[in-house]
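Here are a few short exercises to work through with the model open beside you. Try each task before reading on to its solution.

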2 protein chains.
Amino acid sequence: MTANTLGPTTKTSRAAATRTADHRAPDLLLAARRACEPILRESIGALPDPLRRMAGYHFGWWNVGGVPTAADSGKSLRAALTRAAAAACGGADSERAAAAVELLHNFTLVHDDVMDRDRTRRGRATIWAIWGANDAILLGDVLHTLSFRMVCTGLPVATTAGAVSRLAHASIEVCRGQQEDCEFETRTGVTMGEYIAMAAGKTGALMGCATALGALCAGADPETVSALDTFGRELGLAFQFVDDIMGLWGDPAVTGKPAGRDLVRRKRTLPIVAALETDTEAARTLAGRYRSSLPMTPAEIAAATELVTAAGGRETALRHANERIDTALAALPAELRADDLRALARLVTDRER
Amino acid sequence: MTANTLGPTTKTSRAAATRTADHRAPDLLLAARRACEPILRESIGALPDPLRRMAGYHFGWWNVGGVPTAADSGKSLRAALTRAAAAACGGADSERAAAAVELLHNFTLVHDDVMDRDRTRRGRATIWAIWGANDAILLGDVLHTLSFRMVCTGLPVATTAGAVSRLAHASIEVCRGQQEDCEFETRTGVTMGEYIAMAAGKTGALMGCATALGALCAGADPETVSALDTFGRELGLAFQFVDDIMGLWGDPAVTGKPAGRDLVRRKRTLPIVAALETDTEAARTLAGRYRSSLPMTPAEIAAATELVTAAGGRETALRHANERIDTALAALPAELRADDLRALARLVTDRER
């Protein structure tokens, strides 16, 4: 996939985003990772073994044997969103909220990998693939706990209840979305509306929580917190749609995920749902492929991907992603210094993994 | 198993316990259930379906289809401990903390059933046996979330941070204990020390948290909170040891769990670990049985149970349970009005399920 994944959005939002994105966004991610890592290391370092060791492996700090390494620890996009939201609202001290969001995110990854039977993440074997499903369930549980502990003990007392409430809501929404996503695999029909509601839970809720917590840390008023929640939620939807596009057309060497995995597992991602909803020959052929549960050869994966393109699935998914980015940017109150948030929004459309 | 499971403890503690237990304890459990149920129903009622429906089934409120029923919703022992601890410290309003503890307890049950492949709990099919492991993982996750939300938003602001910290610590300790318990099944040797450390996490930590939260709600001083934590933790260990005894010698019709399950799965429970540590012919024969992973017939289960008895496993487990009860009772500060706590302690030794 080329750098400009989504093509032009509306003129205004694209112009606003482009001005700030190119150099700024990678720096924001790096700064978020650097700010959160000591907090995460301290939190995780206090876990009993082997949970501590498994967590450090998951975050890319150690190899399976506990020897320090420098593996991919994830994008830290959510932490960067929390910090950028806090900065936009004039606050600075949002590191512990950002770390709480990263902990919640990683809890969901560890459990999702068990449920989805994903053996690879960030180019390495997943927790359950190494330690088994039981230990992975338990590791997810303790990361979940650390997330709540972080948000309950690291924020000003006045904002704690509101922050916990948002984190809890996001956690439940993520579980709802994941439940629906799993359930879709056993169904023959999934509508666009159902798919988008699922993605709003699975991906939108936590990004909305990330930006809302940043605003809360900065002491923003309820309207601003709510606007930043909308920004993050809509951005999260765009993120998921781009993820779905990369799941079919991304380069496995860059994404770290096997090619055509979504098709092989008969997943219902946005381009596929959009393709299947069309009244086209390609959609009917694709639907036939989806009725069979036989393994697909690389050639069959390529052919199925082509069917999604032919039925307009890629185009529709791109349009939806652009619309969500525009809605996100439009939600930002004019008085905020939101250049960092715009840069991160631009990154979501330009990312390659 | 007869009503008096453990036989006499030391004279003092037994006398103190007996005076108050017989009529009081069942009333305390019932009152705890009645006080918590509306709070739990409100919390769970706000979950999205199907997670809401699964939760209501788990708590015994509804059948699989969501139709109201009155199935066993558990003992509510932990909620009763929180309330009794609060009452002992002169406080009254501990219902939300009690509900948080019950939510955390039930989160662990739902996940443990997945890990242990237990198909039956409280005489009904478990969540994963009906809805599958993925949905059960997600249900556990949302109950975990509700637990933290409950404790973060339901307590006086001054006690929130301390309460969350204790709930988080208990949650991590429970996961550590469960991890060790699973790991023991793959090992040939488990020492008594290792077993007790595991049980202190798996069962002791949450009961300690239950009583400590009650004290916190009542505004008790740190020494009293700590003493009540010790009381609960030691009581939890006794509870686990009695559970282990019932796992071998309990009546399946009363316990709701299949006979000899621990032996069939080659689990290392206290009577079994104690038996295997002895230098007896029975221990050597039992160790031989444990090296095989072949299924056991009912006759073989009965013979293996007899070997544990012959090697003194039951006697040792009873002694350990009594010692823990004595330690628990001794930890109670003299100035507390702790009759309810003593009644609940007595119940742990007398329970049949």
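**Exercise 1. Is A:Cys209 buried or exposed, and which cysteine sulfur is nearest?**

Step 1. In this predicted model, A:Cys209 has a relative accessible area of 2%. Buried means under 20%, so A:Cys209 is buried.

Step 2. Searching the whole structure gives 0 disulfides over all chains. In keeping with that, A:Cys209 takes part in no disulfide, and its nearest cysteine sulfur belongs to A:Cys217, 10 Å away.

**Exercise 2. Why does B:Cys217 form no bond with the closest cysteine sulfur?**

Step 1. The closest cysteine sulfur to that of B:Cys217 is in B:Cys89.

Step 2. The two sulfurs are 10 Å apart, so they are too far for a bond; a disulfide would need them within 2.5 Å.

Step 3. As for its surroundings, B:Cys217 is buried, with a relative accessible area of 18%.

**Exercise 3. Place A:Thr316 and find what its side chain meets.**

Step 1. Start with the helix: A:Thr316 sits in H15 of chain A, residues 313-331.

Step 2. A polar atom of the A:Thr316 side chain is 3.0 Å from the backbone oxygen of A:Gly312.

Step 3. Leaving out residues up to four places away in sequence, A:Thr316 touches A:Met192 and A:Ala274.

**Exercise 4. Describe B:Asp339 in the same stepwise way.**

Step 1. B:Asp339 belongs to helix H16 of chain B, residues 339-350.

Step 2. With a relative accessible area of 34%, B:Asp339 is partly exposed.

Step 3. The side chains of B:Asp339 and B:Arg342 make a polar contact at 3.2 Å.

Step 4. From B:Asp339 to B:Ala129, the C-alpha to C-alpha distance is 40 Å, with their positions 210 residues apart in sequence.

Technical notes
Residues numbered from 1 in each chain as written. Chains lettered and ligands numbered in written order. Predicted model: local features only at pLDDT ≥ 70, side-chain atom pairs only at ≥ 80, totals over all residues. Heavy atoms only, no water. Helix = DSSP H or I, 4+ residues; strand = E, 2+ residues; numbered from the N terminus. Polar contact = N/O pair within 3.5 Å; in protein donor to acceptor, adjacent residues only side chain to side chain. Contact = heavy atoms within 4.5 Å. Buried < 20%, exposed > 50% of the residue type's maximum accessible area, 1.4 Å probe, protein only.
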